[in-house]
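Here are two short exercises on a ligand and its surroundings. Have the viewer open and work along.

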Amino acid sequence: MSSFFVRWLRKSPKIEVCRKEAPQERESLTGKKKKKKQPKITTVILLHVTQEKAVSKLFHIQLKMLLGLEFSRKTLLTDVLAVFGLLILALCLLKLTWKCCRGFRQYVLSSLCQVNLRAYGQWAVVTGATSGIGKAYATELARRGLDIVLIGRSDERLQKVAKQIENKYGRKTHTIKVDFTEGASIYSTIAKELHDLEIGILVNNVGMICNDHFAYFLETSNHGEKITEIINCNILSVPQ
Ligand SMILES: NC(=O)c1ccc[n+]([C@@H]2O[C@H](COP(=O)([O-])OP(=O)(O)OC[C@H]3O[C@@H](n4cnc5c(N)ncnc54)[C@H](OP(=O)(O)O)[C@@H]3O)[C@@H](O)[C@H]2O)c1
């Protein structure tokens, strides 16, 4: 059986079967002593083991070659690393594309295809409009053509922001001075002030926290009063 495989393998143009230590056995493998024209050799296998093992190894190698699967462990590792690298690269490219699309939508499309906010009503009401997020909303809504009702605790700060908006965007403004911590009583005042205005948008931004720094609630001074103020300002202002 083994000599059959050897003969079969020897017919391959790519493999030469030989044994380094015992060249005379090479002849006995084929049973012929006369010189033969050698096939073109691209792979040489040196046999240092028994004939059976060599035949079995050669048989497997031949099969791999026939199936195009000739690779070593090293090339396998390189292939795996290459695939892994390609996957990472694809992921990075996908992430970059996603960010570019978002940026395009945020900075280009949003300025090109703007919703006509005035269609909802002429006025926008912004609570907590004298600083931070509220002020930013008020300014942007004015830029987009709405007249603004500004609500806050300080008349001075309200007038300052109102003037800025009027001067920069030429929109009308109206200010309402109320403190949302005072509870339900303030809403009748707000209702009176807004009565004749066509309100299209409400930005209920007003809100407070119990401390300017991180601290346990029960360790803050006047926490009994504070909790009522927080509920009035952050929660009651929403359903009213
Ligand atoms: N900034 C953030 O990182 C962040 C994160 C999550 C949530 N928020 C929420 O977003 C909202 C705005 O945040 P912000 O950072 O822009 O706050 P901010 O800069 O402190 O502005 C708060 C605004 O609310 C007004 N205000 C505060 N207490 C009020 C009261 N009792 N009655 C009436 N007006 C009152 C203030 O005006 P006067 O002082 O002139 O009255 C000011 O205009 C808040 O509700 C906040 O909780 C903010």
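A polar contact is a pair of N or O atoms within 3.5 Å; within protein, one must be able to donate a hydrogen and the other to accept it, and residues adjacent in sequence count only if both atoms are side-chain atoms. This is a predicted model, in which local features need pLDDT of at least 70, side-chain atom pairs count only at pLDDT 80 or more, and totals for chains, interfaces and linings use all residues. Residues are numbered from 1 along each chain as its sequence is written, and side-chain values use heavy atoms, with hydrogens and water left out.

**Exercise 1.** Find the polar contacts that Asp179, Arg157 and Gly128 make with the ligand.

*Solution.*
1. Start at Asp179: an N or O atom of its side chain is 2.8 Å from a nitrogen atom of the ligand.
2. Turn to Arg157, where a polar side-chain atom lies 2.9 Å from a ligand oxygen.
3. Finish at Gly128, which uses a backbone N or O atom, 3.2 Å from an oxygen of the ligand.

**Exercise 2.** Describe the residues that surround the ligand (a heavy atom within 4 Å).

*Solution.*
1. Count them: the ligand is surrounded by 18 residues.
2. Pick out the closest, which are Thr130, Ile133, Arg153, Arg157 and Asp179.
3. Sort the shell by class, with Ala, Val, Leu, Ile, Met, Phe, Trp, Tyr, Cys and Pro as nonpolar, Asp, Glu, Lys and Arg as charged, and the others, Gly among them, as polar. You should get 6 nonpolar, 9 polar and 3 charged residues.

Methods: Near = heavy atom within 4 Å.
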